[in-house]
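Here are some worked exercises to try with the model open beside you. Have a go at each task before reading its solution.

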Amino acid sequence: MPIDVYSSRDKRYGLAEQTTWGTATADAAAFIELDCEQFIIPVTPNIRESPQVHASRMGRQGDVQMDTYQSLPEFSLSMDAKLKSVDHLLYAFFQSVVEVGTGTMKKTFSFPTTQPDFTAASAGYTATVIERDPVAAHSLKVKNCIAKSLTLSVAANGRAKVVVGMVGLGYPATSTPSGTWTRTAYEYLHAANAARFRLNFGAGMVNLTMKSFELALTQEVVGVGQDGAGNFTTYGILSRAGTFKMQCVKDANLLTARTNLATGVVVGGEIGWGNATPGTTDGDFNAAFNGKLVNAPYDNEDLLGVAIEGRVLGADDGTATPTIIMANSILRSW
């Protein structure tokens, strides 16, 4: 009998913004073909076990059942931060954006004061994600996807990468994609082009020499309610947290970091590409945050440096933290 042989490189991954909560984007619709690392959409039903006694020391088959009720499949998207598509991932995490619909289409992402009511029209951002198999009806589709974590990182000789932990609401469905899948333009954030890499220890921004950068943000996402059809009704976002790590070449400025570590001084930091006023020019990207330092050890690498580590924290007066501003000249109508 013939043997069909497939490679992992035969697969593709796609994302499309949903227009209606609870309704997956159709197989025939257009999708962004993601330039991401391989991932698996989990197909893991609930295992329900009844601890019953039936005159047998071995468990009985009838005591173990499976179902797909209130499924929250999780998976991770890892890729280079492409300017023409990373805004989808940012909105999926922050769930709040202010878009200027003229010029460079400036987009400002920050946490909302209250979480969106996903069941309402045009509230928040949800996506349909497909793990596309080369065989018809073997692909998997997850609807109502949002992000529960977002990590932005860049090394001194590389380009910015983004890792997004996604969660969907509803058991994955089989799919046969037939619409147009398009890869976005190859526009990246190269470390060599970073215009800002700095911290404010309370007396103004201090420029630092980058070895690497990481901003890692998380939020706790849970299912809420019962929709009468086997699923949760919506999501609840319960808490948010974040850390930053700025690995820098050792210089006099880093002595300030080690001094402020012990005193708990509030710091503000940013990494940015493009115009000093982010969103002014197409291709601008700026990530800013506030918080406190938790560690500042020497790294003892050949090129001596200090790894400034801290927690992302909001001020008592509600000052937004963190905030990402970008411009890609695409009107999303968000």
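**Exercise 1. Find which residues of helix H2 are exposed on the face turned away from its buried side, and which are buried.**

Step 1. In this predicted model, the face of H2 turned away from the buried side carries the exposed residues Thr259, Ala262 and Thr263. Exposed here stands for over 50% relative accessible area, and buried for under 20%.

Step 2. Now turn to the buried residues of H2, which spans residues 253-263: they are Leu254, Ala257 and Asn260. Viewed down the axis of H2, these buried residues fall within an arc of 110°, so they line one face of the helix. The spacing follows a general rule: an α-helix has 3.6 residues a turn, so residues three or four places apart point the same way.

Step 3. Look at what lies against that face. The buried residues of H2 pack against strands E16 (234-249), E18 (285-295) and E19 (305-312).

Step 4. Finish at the end of the helix, where Gly264, just after H2, takes a positive phi of about 70°.

**Exercise 2. Work out which strands pair with E9, and over how many bridges.**

Step 1. Start with E8 (residues 127-132), which runs antiparallel to E9 (residues 139-155) and is joined to it by 4 bridges. Here Ala127 stands opposite Cys145. The hairpin of E8 and E9 has 6 residues between the strands, and in it Ala137 takes a positive phi near 70°.

Step 2. Go on to E10 (residues 161-167), which pairs with E9 in the antiparallel sense over 7 bridges. Ala147 has Met166 of E10 as its bridge partner. A hairpin of 5 residues joins E9 to E10.

Step 3. Add E11 (residues 173-175), antiparallel to E9 and joined to it by 3 bridges. In E11, Ser175 is the bridge partner of Ser139.

Step 4. Complete the set with E15 (residues 210-224), which pairs with E9 in the antiparallel sense over 7 bridges. Thr218 in E15 stands opposite Ser149.

**Exercise 3. Explain why Cys145 is not in a disulfide, and decide whether Cys145 is buried or exposed.**

Step 1. Recall the cut-off: a disulfide needs two cysteine sulfur atoms within 2.5 Å. By this rule the count is 0 disulfides. Cys36 is in none, as its nearest cysteine sulfur, that of Cys145, is 13 Å away.

Step 2. Take the view from the other residue: the closest cysteine sulfur to that of Cys145 is in Cys36, and 13 Å is too far for a bond.

Step 3. Check the burial. Cys145 has 0% relative accessibility, so it counts as buried. Cys36 also counts as buried, because its relative accessibility is 18%.

**Exercise 4. Identify the residues with the most contacts inside the largest nonpolar core, then list what Phe285 touches.**

Step 1. The largest nonpolar core has 65 residues, and Met246, Phe285 and Ile308 have the most contacts inside it. A second, separate core has 9 residues, including Trp21, Phe118, Ile146 and Tyr235.

Step 2. Leave out residues up to four places away in sequence, and the residues that Phe285 touches include Leu83, Val86, Leu152, Arg196, Trp273 and Met326.

Step 3. Step back to the whole chain. It holds 2 helices and 20 strands, and 46% of its 334 residues are buried. Of the contacts with a separation of 6 or more, 70% are between residues 24 or more positions apart.

Terms used
Residues numbered from 1 in each chain as written. Predicted model: local features only at pLDDT ≥ 70, side-chain atom pairs only at ≥ 80, totals over all residues. Heavy atoms only, no water. Buried < 20%, exposed > 50% of the residue type's maximum accessible area, 1.4 Å probe, protein only. Core = buried A, V, L, I, M, F, W, Y, C linked by side-chain atoms within 4.5 Å. Contact = heavy atoms within 4.5 Å. Pairing = 2+ DSSP bridges. Arc of directions from axis to C-beta.
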